[in-house]
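Okay, thanks for coming, everyone. I'll put the structure up and then talk through pockets and salt bridges.

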Amino acid sequence: MALTDDAIAKIRSMIQSGELPPGARLPPEPQLAAQMGLSRSGVREAVKVLESARVLDVRRGDGTYVTSLAPRLLLEGLGLAVELLRDDTLLEVMEVRRMLEPVATGLAALRMTDAQLDELAQILEDMRAAADDAEKLIQFDTAFHHTVIATTGNETLTSLLDGLSSRTLRARVWRGLIEGNAAHKTIDEHHAIYFALRSRDQLLAQASALIHVNTSEAWLRTVLAANAAKAQRRAHPGAPAGRIDGTDSP
């Protein structure tokens, strides 16, 4: 592992220094290993790791190349990581999303074209038509927010928010909202965001997006609190309600 880490560090340094710019072809493995003073096995493992991270592109029979290093590639794994997070850690994701998405939506209000607004209007209609279908709502919800954030022209921000709003997390929220008969209210929140964007009102767009993100966060907090209460009841089956932790309920 130490040799692999050394090889990773040296390849990254070559990329950062410009010796291996985006699109450059790496030297053949024996030459690269000799150049770095490391074993071929260490270099080989390093290339595998960097390929998984979308830093390198291994083309069988052709060679190994540095990718474009675009944010959408390098941040692609964020969504997969978010899907593995559990319980309270998801609340941290929601908090980060709350910090970023409203501001990005406000910026979109200044930058969206009429054509993009028309596209958003169609997605909104599709959401209303699929109000009781969780799978379709997940699809349209993803498209709605991606369309809004992408209009900022900031690929890093778009990639970050796409990752923070992973499909798994969206699915949990939408299924919970449908079961709680709150899906229509959340769709109305999307309409409020669209109205603010169409009005080119930056502050209103930011506020509308904040309200919407808070809905998802509040739902998640409620679910986690209910799960914690169930766990306490299972751990203390004989305890009266309100005294599971040995204290009176407020």
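**Pockets first, then charges**

So, four elements each put at least two residues into the lining of the largest pocket: α2 (29-36), α3 (40-52), β1 (56-59) and β2 (63-66). Before you get excited, remember this is a predicted model. Of those elements, α3 gives the most, with 5 residues. The volume of this largest pocket is about 360 Å³. There are 18 residues lining the pocket, and the ones closest to its centre are Glu 29, Val 47, Val 58, Gly 63 and Thr 64. For those of you thinking about what could sit against that wall, the lining splits into 7 nonpolar, 3 polar and 8 charged residues.

Okay, next pocket. The second largest has a volume of about 190 Å³. It is lined by 13 residues, and closest to the centre we have Leu 75, Glu 76, Gly 79, Asp 162 and Gly 163. Here α5 (77-84) and α9 each supply at least two lining residues, and α5 has the largest share, with 4. By class, that lining has 3 nonpolar, 5 polar and 5 charged residues.

Right, on to the charges. How many salt bridges does the model have? The count comes to 13. I'll pick out a few.

One of them pairs Arg 72 with Glu 155, at 3.7 Å from N to O. Arg 72 lies in helix α4 (residues 71-74) and Glu 155 in helix α9 (residues 155-164), so this pair ties together parts that are 83 residues apart in sequence. Arg 72 is exposed, with a relative accessible area of 51%, while Glu 155 counts as partly exposed at 35%.

Then there's Arg 221 with Glu 95, 3.5 Å from N to O. Arg 221 is in helix α12 (residues 202-235) and Glu 95 in helix α6 (residues 88-111), so parts 126 residues apart in sequence get tied together. Both residues are partly exposed: Arg 221 at 37% relative accessibility and Glu 95 at 31%. And this pair has company, since Glu 95, Arg 98, Glu 217 and Arg 221 are linked in a network of salt bridges.

Last one: Asp 114 and Arg 200, with the closest N and O atoms 3.0 Å apart. Asp 114 lies in helix α7 (residues 114-129), whereas Arg 200 is in the loop between α11 (183-198) and α12, so this bridge ties together parts 86 residues apart in sequence. Arg 200 is partly exposed, at 33%.

That's it from me. Over to you for questions.

Notes: Residues numbered from 1 in each chain as written. Predicted model: local features only at pLDDT ≥ 70, side-chain atom pairs only at ≥ 80, totals over all residues. Heavy atoms only, no water. Salt bridge = Lys/Arg side-chain N within 4 Å of Asp/Glu carboxyl O. Buried < 20%, exposed > 50% of the residue type's maximum accessible area, 1.4 Å probe, protein only. 1 Å grid on protein atoms, 1.4 Å probe; cavity = no way out; pocket = protein on both sides within 12 Å on 5 of 7 lines; lining within 4 Å. Points joined across faces, edges and corners; volume = space filled by probe spheres on them. Nonpolar A, V, L, I, M, F, W, Y, C, P; charged D, E, K, R; others polar.
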